[in-house]
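These are my notebook entries on helix packing and on empty space in one protein chain. I put the sequence and the structure here before going on.

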Amino acid sequence: HTARETTGSMGTIIRLAVATAVLLGGLVAIGVIGLVAGEVVPDTWVADELLEARRDGLLDERGQTTSRMGTIRDQHTECVALSVGLGEASDAGFVETLAESPHLGPCSRLVPALDGYAVSGALPEGSTYLRYWHGTSGPFRWLVATVGVGGLRLLSFAVLLSMAAILSRQVTRLAGWPAGVGLVLPLALTSDFAELLGVAHHSTAMAAALFGASLTLTSVQRRPTPERAWLVTVVAGAVFAYLDLLTHVPGAWILPVAMVLLAARVAGRSPGNIIRLGTVATTGWLVGYAGMWGGKWVLAALVLGRQRVVDDVRGAIDFRLDGESPYSEQGFGHGLDANLDHWLERPLTGTVLAVALVAVASRLWTVGRRRASSLVDPALAALPAALPLVWFEVLSNHSQIHYWYTYRSLPIAMGVVLLAALAEPDLEKAGTDVPPELEPDWRGNPGGRPGGQR
């Protein structure tokens, strides 16, 4: 019996490993197609619209400007995202341009380059940024060329609002409106969410994070199996890696995990099964994120040479993990301190925290009075909220230098805690098509609570 269990487990793992490799390979191929679609847009179309945005005051040479809420608008990096594909070397071919990801940012370089373009009609050679996919370059180049920078920002923010509304509605249908509202309210009220209207690539990255959560919940809400949780979180991690520029990674990481845990609770799974599903989802997202990023490095190495890519990637990793900078301190806790301080300085953070504390305490008191064991599931569902704390410590350098946007993972984590505490799973709307006592766990054994208790 033990031998059969071991063989079955190994067979499942091998099948998932093969499926993951094929899935990531397909996502990398789709990613390349997206880059190609953007690169076919003539550079002059993009440059002309960027110049128009410069004349209209939409691009500021300072790069980082203070918003109406006292936060920092990261147009510094937006200028990089908007100019990817411009400034390629004169001897670079189409494929080399895709691999190198040339750009004319940040704004302190892009704006003078555009001023020179207005006079000479030529763009200078830019810098390369090969370690990122810059997946936004595909839609961004087309949208800049057709609707301009202002139109791009509006459309990016509209997508973000839509994704927030869709995810909140999905959660509301499964777990009640307090959970649906509680998930997104901290992000909306205690971050610079409203100011993302002025920074297209941050809107897109946040929309990608919410999309990953929505996709995950759609996939697992009826059958929260380890296989489904693994594959869909791999996709969520890969999509975020493709579109993001290291903005709010831990927030994007914990959202799909929280959705898997919610689905497990709705399905009436045992605490042990919830922990296993959460572990699978946590690992699956990281595999997708790292695998997609690694796919760009492999492709770049094939085109540009292995050593060049290794040096670029290794230098960036070493700096982010333990590099010295005038804007960061070495030592334990500095990454979290910088992000926490900035979050607490937001106008509504204290108020929202106080209201959330009362709501969570009231809800847990009500649940705990009926049955103390009922507090176990909310506690397990809230565990992903601790992951940003680990991230801030591991990538302390990056978390300190860019605290004014990495801090967004904290209100996302707060939303996950509120979701865990306020969720009232609606078993009928969940529509699980397999009873929990028959649903297999990771090893193929029956899952759910003893006796099929929901």
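How do the residues that line the second largest cavity divide into nonpolar, polar and charged? I looked this up in a predicted model, and I found seven nonpolar, no polar and no charged residues in that lining.

Entry 1, the second largest cavity. I read its space as about 50 Å³, and I listed Leu167, Leu183, Val184, Leu187, Leu210, Leu255 and Ile412 as its lining. Helix α7 (residues 177–190) gives the largest share of this lining, three residues.

Entry 2, α10 and α19. I noted that Leu255 and Ile412, which line the second largest cavity, are also among the residues through which α10 and α19 meet. Helix α10 (residues 249–266) and helix α19 (residues 409–422) have axes 9 Å apart and pack at an angle of about 10°. Angles under 35 degrees count as roughly parallel, and α10 and α19 are therefore roughly parallel to each other. I count from α10 residues including Val249, Ile254, Ala258 and Leu262, and from α19 residues including Ala413, Val416 and Leu419. By class, the contact of α10 with α19 holds twelve nonpolar, two polar and one charged residues.

Entry 3, α8 and α9. For helix α8 (residues 200–220) and helix α9 (residues 226–243) I found axes that come within 9 Å and cross at roughly 165°. That makes α8 roughly antiparallel to α9, and the crossing in which α8 passes α9 is right-handed. Among the residues making this contact are Ala208, Phe211, Gly212 and Leu215 of α8, and Val232, Val235, Ala236 and Phe240 of α9. I recorded 13 nonpolar, four polar and one charged residues for the contact of α8 with α9.

Entry 4, the largest cavity. I found five cavities of 30 Å³ or more, and the largest of them has about 90 Å³ of space. Its lining has 13 residues, of which Leu35, Glu39, Val84, Leu98 and Ser137 are the closest to its centre. The largest share of this lining, three residues, comes from α1, and by class the lining has five nonpolar, six polar and two charged residues.

Entry 5, the largest pocket. I read its space as about 760 Å³; 33 residues line it, and Tyr129, Arg131, Tyr132, Leu246 and Arg320 are the closest to its centre. The largest share of the lining, seven residues, is from α12, and I noted 20 nonpolar, nine polar and four charged residues in the lining of the largest pocket.

Definitions and conventions: Residues numbered from 1 in each chain as written. Predicted model: local features only at pLDDT ≥ 70, side-chain atom pairs only at ≥ 80, totals over all residues. Heavy atoms only, no water. Axes fitted to C-alpha atoms, helices over the stretch in contact; angles between N-to-C directions. Helix = DSSP H or I, 4+ residues; strand = E, 2+ residues; numbered from the N terminus. Parallel < 35°, antiparallel > 145°, perpendicular 65-115°, else oblique. Left-handed = near helix turned anticlockwise from the far one by under 90°. Contact = heavy atoms within 4.5 Å. Nonpolar A, V, L, I, M, F, W, Y, C, P; charged D, E, K, R; others polar. 1 Å grid on protein atoms, 1.4 Å probe; cavity = no way out; pocket = protein on both sides within 12 Å on 5 of 7 lines; lining within 4 Å. Points joined across faces, edges and corners; volume = space filled by probe spheres on them.
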